[in-house]
Amino acid sequence: MRILVITGEFPPMQGGVGDYTREIGLALCELGCEVRVATSTEGGPAPGLTVHPVVERWNWGCWRTLLDLIDRHQPDVVHIQYQAAAYAMHPAINLLPRRLGWLGESRPRTAVTFHDLKVPYLFPKAGKLRRWVVNELASQSDAAITTNREDFEKLQRELGSAPALIPIGSNIEPRLPTGFDRGAWRARWGTGPGDLLLCTFGFVHQRKGVDTLLRALSLLASEPAGPPNPRLLMIGGQTGASDPTNVAYLEQIQILITGLGLEERVQWTGYVPPEEVTASFQAADLCVLPFRDGVSFLHGTFHAALAHGVPIVTTQPRVRLPELVDGGNVFLVPPDVPQALADAIRRLADAPDLRRALGEGAQSLSAQFRWDRIAADTLDLYRSLGPGS
């Protein structure tokens with residue numbers, strides 16, 4: 001089967017959607033598919049995939065570029081990876097499936113994976129029209145895919161019919177650098193053998209609750225009988241390539257770090273190779289992911305922590321997620337409550353057996369989100385669509 005995947009970002013651009021596209025593309029190739037990727041001009045090559053970094057701007061002009069690729073390579077399926085910010089908040093990509101419908105019987109089947117359901121910017125006071133263009137993308141595609149239970153339920157209400165639900169997986173394969181020494185790696189970040197090293201992963205974004213984590217760290221550092229020398233390692237790039245709001249939030253976070261007097265306790269790895277992400281996870285005692293909207297399987301950062309088998313403290317989900325077992329594979333706290341987060345960290349700092357059990361539970365859960373399973377489910381969905389009409 002010939003597949004053209006369209007994505008607004010692709011490595012070396014920093015962003016989870018680009019990393020997802022690389023992983024799902026490679027996994028589909030393993031199943032015998034021919035996969036091409038159409039992306040922004042900032043995208044680069046990827047061993048095992050044919051990448052076309054040909055789109056200069058994601059406005060109406062991108063249609064001509066994409067239609068030319070489709071005409072030349074005749075894919076069976078065009079699969080859009082949708083996140084509004086990755087397309088510069090422009091609606092051109094939302095209307096592409098309708099445009100492809102004008103091709104008649106020769107058109108490829110279309111699918112869209114919603115990495116979130118955020119609406120694009122159209123013009124001031126666009127109001128309901130912004131939601132309409134997202135629903136238009138879903139309804140005009142032959143298949144709409146959500147990656148998590150929350151978006152599945154929301155899109156089902158919007159459309160009046162059920163989309164597919166196919167999860168994402170970890171974009172970081174656990175692989176330690178040669179000669180990894182945990183003690184030496186911790187010392188690299190100013191952490192001694194008996195100190196408490198926390199970590200969090202991914203771009204700094206308002207929905208990730210980094211401010212809550214910093215306030216919890218401040219509470220722990222101010223307690224005379226608290227965990228010894230608590231420190232925080234921020235793993236990965238700071239803002240990513242797609243969402244400009246991350247820059248403004250990062251500025252707020254940097255001001256907060258200074259205001260709380262945490263400059264010596266917070267360390268940043270910056271954007272690093274995958275094996276250094278693995279090393280950083282393994283050096284830490286706890287991974288803390290205090291999502292403001294509650295934990296969800298839409299977050300690649302959460303999947304990465306699960307895959308690395310680290311004990312995870314995160315926030316209670318908005319909808320019931322039966323896969324999560326509080327105290328079994330995650331440790332849950334309410335969102336936006338620094339004291340509750342500090343209390344949970346303190347408890348786990350004094351309970352190495354519980355931390356070990358949480359890490360084992362996390363790694364066991366991650367087996368449900370392997371890329372071979374995700375690709376097989378995606379290919380089954382493609383096959384169910386039948387020829388375009």
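Me: What is the relative accessible area of Phe 180?
Reply: This is a predicted model, where local features need pLDDT of at least 70, side-chain atom pairs need 80 or more, and totals for chains, interfaces and linings use all residues. Residues are numbered from 1 along each chain as its sequence is written, and side-chain values use heavy atoms, without hydrogens or water. Phe 180 counts as partly exposed (buried is under 20%, exposed over 50%, partly exposed in between, with a 1.4 Å probe and protein chains only), because its relative accessible area is 23%.

Me: And Trp 185, is that residue buried or exposed?
Reply: Trp 185 has a relative accessibility of 13%. That puts Trp 185 in the class called buried.

Me: How many aromatic pairs are there?
Reply: Rings of Phe, Tyr and Trp (its six-membered ring) pair if their centres lie within 6.5 Å; planes under 30 degrees apart are stacked, over 60 edge-to-face, the rest tilted. By this rule, the number of aromatic pairs is nine.

Me: What kind of pair do Trp 60 and Trp 63 make?
Reply: Look at the two rings: the centres of Trp 60 and Trp 63 sit 5.5 Å apart. Their planes meet at 85°, so the pair is edge-to-face.

Me: Which class does Trp 60 fall into, going by its accessibility?
Reply: Trp 60 comes out at 43% relative accessibility. With that value, Trp 60 counts as partly exposed.

Me: What about Trp 63, buried or exposed?
Reply: Trp 63 is the partner of Trp 60 in that edge-to-face pair. Its relative accessible area comes to 17%, so Trp 63 is buried.

Me: Then what sort of pair do Phe 180 and Trp 185 form?
Reply: The ring centres of Phe 180 and Trp 185 are 6.1 Å apart. Since their planes lie at 55°, this pair is tilted.

Me: Which residue lies over the face of Trp 185?
Reply: Here a charge counts as over a ring if NZ of Lys or CZ of Arg is within 6 Å of the ring centre and within 35 degrees of the ring normal. For Trp 185, the distance from the ring centre is 4.3 Å. The residue lying over its face is Arg 188.

Me: Which residues do ring pairs link into a cluster?
Reply: We've looked at Trp 60 with Trp 63, and at Phe 180 with Trp 185. Elsewhere in the sequence, ring pairs join up into a cluster. Its residues are Trp 58, Tyr 82, Tyr 87 and Phe 114.
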